[in-house]
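Hi everyone, thanks for having me. Please have a look at the structure on the screen, and we'll walk through one part of it together.

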Amino acid sequence: MTSGTTPGLTRFNTSSDSEAVAALHEVCSSSAWGSKLLAQRPFSTAEALFLASDAAMAELTAEDLAEAMAGHPPIGRPKEGDPTSSREQSGMAGASAELKAEMLELNLAYQDKFGHVFLICATGRTGEQMRDAVRERIGNSPETEREIVRTELGKINRIRLTRLVETPESPETSETPEEASSR
């Protein structure tokens, strides 16, 4: 959904500041990003929210990006008990033990070089595609990698914001069909 008012957008627009901050923090751990979006409420459409998100992402400093990345677990190790993390990294769920071990090794090498987790919009990607991406990106300069991370975070934020504005009831009580079937 890219335009129009939805029950989820209405709920976000009319929620208390503390509820909105909590919802935004679930999307992105950067407090600067969340503050910029919070200050622009109410949003007339989902697209207006997405554009505000993109603009806020473009303005994040290196420190803000580090704060945002700190909220993301390494690829292949989703946050335990976090359905969003598991859903986003589902491409690694069926990966072989060899691929998982290789990803762990690559994640550690990447983290040693750049000082943060390898971040990629994993939604819809296979384990092999993520492995290939980290192999390719580990050769980047820190400046190049920071901008790639910014782009990947923007993609993740849009996916998560879409879920936020499309969820008809409270996000805490809603679940996807995949989550329901995994119980």
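Let's begin with what sits on top of one helix: the buried residues of α7 are covered by elements that include α8 (127-137) and α9 (142-166). Keep in mind that this is a predicted model.

Now, α7 itself. It runs over residues 97-114, which makes 18 residues. From its first C-alpha to its last it reaches 25 Å, close to the 26 Å expected at 1.5 Å a residue.

Which residues of α7 are buried? They are L99, M103, L106, N107, Y110 and F114. If you look down the axis of α7, these buried residues fall within an arc of 110 degrees, so they line one face of the helix. Turn to the other side of α7 and you'll find A97, E98, E105 and D112, which are exposed.

And what comes after the helix? α7 is followed by G115, which has a positive phi, near 80 degrees.

Let's move over to α9 and pick out one residue there, V149. Is V149 buried or exposed? With a relative accessible area of 1%, V149 is buried, because the cut-off for buried is under 20%.

So who are its neighbours? Leaving aside residues up to four places away in sequence, V149 touches M69, Y110, H116, L119 and R137. You've met Y110 already: it is one of the buried residues of α7.

Last one: V149 and A66 are 83 residues apart in sequence, and in space their C-alphas are 9.9 Å apart.

That's my tour, thanks for listening!

Notes
Residues are numbered from 1 along each chain as its sequence is written. This is a predicted model: local features need pLDDT of at least 70, side-chain atom pairs count only at pLDDT 80 or more; totals for chains, interfaces and linings use all residues. Side-chain values use heavy atoms; hydrogens and water are left out. Helices (H or I, at least four residues) and strands (E, at least two) are DSSP runs, numbered from the N terminus. The expected span of a helix is 1.5 Å times one less than its number of residues. Buried means under 20% relative accessible area, exposed over 50%, partly exposed in between (1.4 Å probe, protein chains only). The arc is that of the directions from the helix axis to the C-beta atoms. Contact means heavy atoms within 4.5 Å.
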